[in-house]
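Reader: Could you take me through one part of this model up close, the charges and rings around a single arginine and its neighbours? I'd like the contacts and the burial, told as one story.

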Amino acid sequence: MPNTDRIALMVALSLALPARATADDTQRASEPRRVGEPRRVGEVTASSVLAFGLMPAASFGPSLAATLRWLDVSMSAEARVLWPLGRDPGAAPLLGPETRIYVGLLSLCRHREAVFVCNFVQSGVINPALEGNLKPQEGGDLRWLLTSGLRGGAEWRMWRRLELRSFLELHLALERPHLRVGSIRKWQTSRVAAVAGIGVTFLATPE
């Protein structure tokens with residue numbers, strides 16, 4: 001075989017083999033995942049949340065969640081701290097700005113492409129800071145909070161291991177903290193509350 005023919009054959013093979021490998025990789029990536037094959041192993045999400053109805057005024061704070069995910073189902077545990085952005089003079093002028101809510105939340109979610117829907121239960125405690133020398137009535141200071149509800153949201157891939165995530169929650173209060181001073185009930189958690197949040201998610205095992 002002339003040298004020119006050999007050179008042409010070698011060039012053709014060197015171009016064809018990488019193209020075939022790329023085609024095979026593309027075909028494997030487009031194949032559906034096998035049952036039981038994990039999509040992601042773990043995720044960590046840091047968010048900022050804005051809540052209405054859990055305190056006399058709107059409240060704001062950080063949230064940190066750890067998530068385990070299989071295919072299109074995930075389960076997460078989340079910790080939040082909230083403090084009031086202001087006060088409601090007609091509801092509870094005696095609650096000071098140092099009042100805090102510490103809650104934990106467990107959720108089970110279903111994912112479809114960039115959208116997810118969750119059921120959750122939330123439990124926590126309110127640490128009221130009363131102004132002046134006011135003291136709650138004995139037995140009239142119920143601090144435990146218990147809610148359940150639904151969450152819906154969306155996620156957008158920003159980078160290989162980073163996502164932007166936003167969500168909206170609707171809470172139904174099962175245990176409603178209240179505060180009495182003397183014989184007067186000054187404040188009680190609303191029966192229905194809403195929470196909005198936005199944050200970033202780190203993917204421990206990206207797709």
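Author: Let's start with a rule: a charge sits over a ring if NZ of Lys or CZ of Arg is within 6 Å of the ring centre and within 35 degrees of the ring normal. With that in hand, the charged end of Arg-151 sits over the ring of Phe-167, 5.1 Å from its centre. Arg-165 does likewise with Phe-116, lying over the face at 5.6 Å from the ring centre.

A word on what you're looking at: this is a predicted model, where local features need pLDDT of at least 70, side-chain atom pairs count only at pLDDT 80 or more, and totals for chains, interfaces and linings use all residues. Residues are numbered from 1 along each chain as its sequence is written, and side-chain values use heavy atoms, with hydrogens and water left out.

Now stay with Arg-165. Its side chain meets that of Glu-155 in a salt bridge at 2.7 Å, N to O; the term covers a side-chain nitrogen of Lys or Arg within 4 Å of a carboxyl oxygen of Asp or Glu. Glu-155 is in strand β7 and Arg-165 in strand β8 (residues 162–175), so the bridge ties together parts that are 10 residues apart in sequence. Strands here are DSSP runs of E, at least two residues, numbered from the N terminus.

Arg-165 also forms a salt bridge with Glu-163, at 3.3 Å, N to O. What larger arrangement links Glu-155, Glu-163 and Arg-165? They belong to a network of salt bridges that also takes in Glu-43, Arg-69 and Arg-157. Across the model, the count comes to 11 salt bridges.

And are these charges buried or exposed? Buried means under 20% relative accessible area, exposed over 50%, and partly exposed in between, using a 1.4 Å probe and protein chains only. Glu-155 is buried at 5%, Arg-165 is buried at 9%, and Glu-163 is buried too.

Gly-153 helps fill in the surroundings. This glycine lies in strand β7 (residues 144–159), and at 16% relative accessibility Gly-153 counts as buried. Gly-153 and Arg-165 are 12 residues apart in sequence and 7.3 Å apart in space, C-alpha to C-alpha. Leaving aside residues up to four places away in sequence, Gly-153 touches Ala-114, Val-115, Phe-116, Ser-166 and Phe-167, where contact means heavy atoms within 4.5 Å. So both rings from the start come back: Gly-153 touches Phe-116 and Phe-167, the ring under Arg-165 being Phe-116 and the ring under Arg-151 being Phe-167.

Technical notes:
Helices (H or I, at least four residues) and strands (E, at least two) are DSSP runs, numbered from the N terminus.
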